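User: Please give a close, connected account of one part of this model, beginning at the surface and following it inward. I should like to know which residues are involved and how their surroundings are arranged.

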Amino acid sequence: MQGIGFSASSTSGSAIAADLVPASRLTEGIGYYTLANTIGMALGPGLGLNMFQRGSWWLFGAGTLIGIISLVTGLSLNYERKQSSVKKSSSVSQTPPHAKANSKLDMLFEKSVMPTCLVILFTIMPYGAIMAYIASYGINQGIENIGLYFSMYALSLFVVRLGVGRLSDRYGITAIIIPGIVLMFCGLIVLGWASNLTIFLISAILFGLGFGAVFPLLQATGYVFCSPDRRGVESATLFATADLAYGLGALILGIGIKFLGYAPAFGGLAIFTVVALILYISVLYPRLKKRRNVSKQ
């Protein structure tokens, strides 16, 4: 039940944010929206560990209270979806048989954002793996207060998300995404060598700055490729990819820990960022460049 609720709220919330933000400030607006979302996910594990040490009632009581606050806040929203002024040029009766077969699939997935989702898949897999196993990795390394990793990671997200939208509007998305992926790579390599709390925190800063810059910009590119009336489906496609990446990342890291140990397995997560960078340069960047050229004409 919690998964269904979280899936519905995150998908609809992202689409609402994209609808409300002016097109000229889309990347900046999505950056602010994902700032709140990701900081909550980053702070959650650390706060959860702290409350669990006080007792399970603290943990589940706080979770219930936060859920009630979120529900009341959501019910107070006065959102009115903008209606598209452009109608489809053909009716259902004029749709060829093969298009009718595809229409059911189109209700679930937005095909125009698949290249974006491919890059997102390999970008989020390391994040999902870290969130699942960083606590046990710290305990294995004899680190006390490993919860500080989440705090430093959240702080890094907060800092970079404040300005990533404006920087991308000024210098372009690619000029931010590529350095961001490189920072993620460096953070994972450092994490593979982590032997004390200081190195863990350095890794959190590097990875947090990189991931905080990359993910909202990739999310914004998805909205660029789809029409406004398809933003809900686009958001669902993107978050379905993210959920898949969370699970795959944790699963692969768990297997790696079993056969290689903690340090090599965490360091090996850097391979995913290399794949993400290659896919961005070879698949997504050409589409962004082509769309930019078309918009200038």
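Analyst: A nonpolar patch of about 440 Å² lies on the surface of this predicted model. The patch is made by five side chains: Tyr 32, Leu 155, Phe 158, Val 159 and Leu 162. Helix α6, which spans residues 148–171, supplies the largest share of the patch, namely 4 residues. Leu 155 is one of the patch residues, and its place is in helix α6. The relative accessible area of Leu 155 is 47%, so this residue counts as partly exposed; the value lies above the 30% that membership of a patch requires.

Helix α6 also carries a residue with very little accessible area. Arg 161 belongs to helix α6, yet its relative accessibility is 1%, and therefore it counts as buried, the limit for that class being 20%. In space, the C-alpha atom of Arg 161 lies 8.3 Å from that of Pro 216, although 55 residues of sequence separate Arg 161 from Pro 216. Helix α6 thus holds both the partly exposed Leu 155 and the buried Arg 161.

The loop between α5 and α6 leads into this helix. Gly 142 is located in that loop and, with a relative accessible area of 57%, is exposed. Its C-alpha atom is 8.0 Å from the C-alpha of Asn 196, whereas in sequence Gly 142 and Asn 196 are 54 residues apart. Asn 145 occupies the loop between α5 and α6 as well. The backbone of Asn 145 has a positive phi of about 60°, although the residue is not a glycine. Asn 145 counts as exposed because its relative accessibility is 56%, and the class of exposed residues begins over 50%.

From the loop one may turn to the aromatic residues. A search of the whole structure gives 12 aromatic pairs. In one of them, Tyr 127 and Phe 211 have ring centres 4.8 Å apart and planes at 5°, so the pair is stacked. This contact joins distant parts of the chain: Tyr 127 lies in helix α5 (residues 114–140) and Phe 211 in helix α8 (residues 197–225), with their positions 84 residues apart in sequence. Tyr 127 and Phe 211 are both buried. Phe 211 has another stacked partner in Phe 207, with 6.0 Å from centre to centre and 10° between the planes. Phe 207 and Phe 211 are 4 residues apart in helix α8, which means that about one helical turn separates them. Phe 207, like Phe 211, is buried. Through ring pairs, these aromatic residues belong to a cluster: Tyr 127, Tyr 153, Phe 207, Phe 211, Phe 215 and Tyr 246 are linked in this way.

A ring may also have a charged group over its face. Arg 54 lies over the face of Trp 58, at 5.9 Å from the ring centre.

Before helix α5, the chain passes through the loop between α4 (97–106) and α5, and Lys 111 is found there. Lys 111 has a relative accessibility of 49%, so it counts as partly exposed, the class of exposed residues requiring over 50%. Lys 111 and Val 233 are 122 residues apart in sequence, but their C-alpha atoms are separated by 9.7 Å in space.

The cysteines may be considered next. The structure contains 0 disulfides. Cys 117 has a relative accessible area of 4% and is therefore buried. Cys 186, by contrast, counts as partly exposed because its relative accessibility is 32%.

The wider setting of this region is helical. The protein chain contains 11 helices and 0 strands, and its elements run α-α-α-α-α-α-α-α-α-α-α from the N terminus on. The protein chain has 297 residues, of which 40% count as buried. Among the buried residues are Arg 161 of helix α6 and the stacked rings of Tyr 127 and Phe 211.

Key
Residues numbered from 1 in each chain as written. Predicted model: local features only at pLDDT ≥ 70, side-chain atom pairs only at ≥ 80, totals over all residues. Heavy atoms only, no water. Phe/Tyr/Trp six-rings, centres within 6.5 Å; stacked < 30°, edge-to-face > 60°. Helix = DSSP H or I, 4+ residues; strand = E, 2+ residues; numbered from the N terminus. Buried < 20%, exposed > 50% of the residue type's maximum accessible area, 1.4 Å probe, protein only. Lys NZ or Arg CZ within 6 Å of the ring centre and 35° of its normal. Patch = residues over 30% accessible without salt bridge, like charges linked within 9 Å, V, L, I, M, F, W, Y side chains within 5 Å. Areas by Shrake-Rupley, 256 points an atom, 1.4 Å probe, with all protein chains shown as cover. Salt bridge = Lys/Arg side-chain N within 4 Å of Asp/Glu carboxyl O. Disulfide = S-S within 2.5 Å.
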